[in-house]
Amino acid sequence: MPLIDLSHPLTDDTPPFPGDPAVAIKILQSTDQTGREERQSLNCAQITLPIHCATHIDAPFHFYADRATIDQIPLADCAGPAYKIDLCECPVIDEIDLAPHRDAIAGHPHLIINTGWYEQWRQPGFFSEHPVLTAAAAQLIVDCKVRLIGVDFPSVDRPPHPAHLVLLGHDVLIVENLTNLAEIGDNAFTFSAIPLAIAGRDGSPVRAFATIAE
Ligand SMILES: [Zn+2]
C-alpha cells in the first residue's frame, strides 16, 4: 500500500511557532567520534522542542483545562478514512467553502484541508499570513461528526481562537502543519497521525501519513 509522508522534518533549524523556543537536538553519543577515548559504539541524541512545532496534534486540553489531554484521547480517533478538500484560493475558510462538501465530510471521520500553504514553509509570512477557519466553518465540521481535522498551515486560527474553541470544545482533534498534501491527489485514503503518550499535556509531535486505498 503506498504511503505518503505528510510530516515536516524536525531539525535544529525547524521554525518554531513565533514566541516558542527553538528546537534543539543534542548528540549524546556518536559513532562518528574518532578519538580512541571518545569513540562510542552507538548513536544517541536528545531532542528538546515545543509541542506545537512542525507537524503536531492538539488535544482538547490545549484550550480547555477540564478536557482530554493527549494521553487521554482515543487512539482510534488518530487514524481512519479521510476526505481531502482543496481550497487553494481561500485565505479565510468559511462555512460556505465547506458546505458543498457537506455529505462527503459527514461520511468520513477525518477531514484534511489542503490550501497549498505548506509550500510557504520557511518563507516570510508563513506564521503571520496563513489561512484560517472561521467559527462557523468549525461548527459545520463539528455538526458533520468529524473526529479529526488536519490542515497544512500552522494554526487553524489566530487569537482569540474561534475555530480552536469550537473544535476542541467538541473533542475534535486538530493536526497542524501537514505537508505534501498534493501527492494524495484524488485517491481515497486513510489518514494517520499518532501522538506520543505525553502524560497530562496539550498535544504532541506526530508522524502524519496518508495510506492510499488499493
Ligand atoms: Zn497546535
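# Working through a predicted zinc-site model

Leu-10, Ile-25, Ile-27 and Ile-47 together make a nonpolar surface patch of about 320 Å². Keep in mind as you go that this is a predicted model.

## Exercise 1: a patch member

Take Leu-10 from that patch and work out where Leu-10 sits and how much of its area is accessible.

*Solution.*
Step 1. Find the segment: Leu-10 belongs to the loop between β1 and β2.
Step 2. Check the accessibility: the relative accessible area of Leu-10 is 33%.
Step 3. Classify it. Partly exposed covers values between 20% and 50%, so Leu-10 is partly exposed at 33%.

## Exercise 2: the zinc site

List the protein donors of the zinc ion and decide how to describe their arrangement.

*Solution.*
Step 1. Start with the donors: His-52 offers ND1, His-56 offers NE2, Asp-58 offers OD and Glu-176 offers OE. They lie 2.0 to 2.4 Å from the zinc ion.
Step 2. Look at the angles. The four donor atoms subtend 77 to 174° around the zinc ion.
Step 3. Compare with the cut-off: a tetrahedral site needs all angles between 85 and 135 degrees. The spread of 77 to 174° makes this arrangement irregular.
Step 4. Now read the spacing along the sequence, which is H-x3-H-x1-D-x117-E. His-56 in strand β4 (residues 56–58) and Glu-176 in strand β10 (residues 173–176) are 120 residues apart, so this pair links distant parts of the chain.
Step 5. Finish with burial: both His-56 and Glu-176 are buried.

## Exercise 3: the strand that carries Glu-176

Describe how the side chains of β10 point, and work out which strands pair with β10.

*Solution.*
Step 1. Sort the side chains. Leu-173 and Val-175 point one way from β10, while Ile-174 and Glu-176 point the other way. All of them are buried.
Step 2. Go to β4: β4 and β10 run antiparallel and are joined by three bridges. Here Ile-57 stands opposite Val-175.
Step 3. Go to β9 (residues 148–151): this strand runs parallel to β10, again with three bridges. Ile-149 has Ile-174 as its bridge partner.

## Exercise 4: salt bridges

How many salt bridges does a search of the whole structure find? Work through three of them, asking where the partners lie or how accessible they are.

*Solution.*
Step 1. The search finds six salt bridges.
Step 2. Try Arg-122 and Asp-13, whose closest N and O atoms are 3.4 Å apart. Arg-122 lies in the loop between β7 (110–114) and β8 (132–133), and Asp-13 in the loop between β1 (3–5) and β2 (24–29), so the pair ties together parts that are 109 residues apart in sequence. Arg-122 is partly exposed at 41% relative accessibility, whereas Asp-13 is exposed at 51%.
Step 3. Next up are Arg-67 and Asp-171, which meet at 3.1 Å, N to O. Arg-67 is in the loop between β4 and β5 (79–86), and Asp-171 is in the loop between α4 (162–169) and β10. They are 104 residues apart, so this is another pair that links distant parts of the chain. Arg-67 is partly exposed with a relative accessible area of 28%, and Asp-171 is partly exposed at 28%.
Step 4. Then Lys-84 and Asp-86, with closest N and O atoms 3.0 Å apart. Lys-84 is buried at 12%, but Asp-86 is partly exposed at 42%.

## Exercise 5: strand β12

Why can β12 be called largely enclosed by the rest of the structure? Go on to its pairings.

*Solution.*
Step 1. Count the buried residues: eight of the 10 residues of β12 (residues 203–212) are buried, so the strand is largely enclosed by the rest of the structure.
Step 2. Take β1, which pairs with β12 in the antiparallel sense over three bridges. Ile-4 stands opposite Ala-210.
Step 3. Take β4, which also runs antiparallel to β12 and is joined to it by three bridges. Ile-57 has Ser-204 as its bridge partner in β12.
Step 4. Take β11 (residues 189–195), where the antiparallel pairing with β12 runs over seven bridges. Ala-193 has Ala-208 as its partner.

Conventions
Residues are numbered from 1 along each chain as its sequence is written. This is a predicted model: local features need pLDDT of at least 70, side-chain atom pairs count only at pLDDT 80 or more; totals for chains, interfaces and linings use all residues. Side-chain values use heavy atoms; hydrogens and water are left out. Donors are N, O and S atoms within 2.8 Å of the metal (3.2 Å for Na, K and Ca); water is not among the atoms, so sites may look incomplete. Four donors count as tetrahedral if all angles lie between 85 and 135 degrees; four count as square planar and six as octahedral if opposite donors are over 155 degrees apart and all others between 65 and 115; anything else is irregular. Helices (H or I, at least four residues) and strands (E, at least two) are DSSP runs, numbered from the N terminus. Buried means under 20% relative accessible area, exposed over 50%, partly exposed in between (1.4 Å probe, protein chains only). A salt bridge is a side-chain nitrogen of Lys or Arg within 4 Å of a carboxyl oxygen of Asp or Glu. Patches are made of residues with over 30% relative accessible area and no salt bridge: like charges are joined within 9 Å, nonpolar side chains (Val, Leu, Ile, Met, Phe, Trp, Tyr) within 5 Å. Accessible areas come from the Shrake-Rupley method with a 1.4 Å probe; for residues, only the protein chains shown count as cover. Two strands pair if DSSP finds at least two bridges between them.
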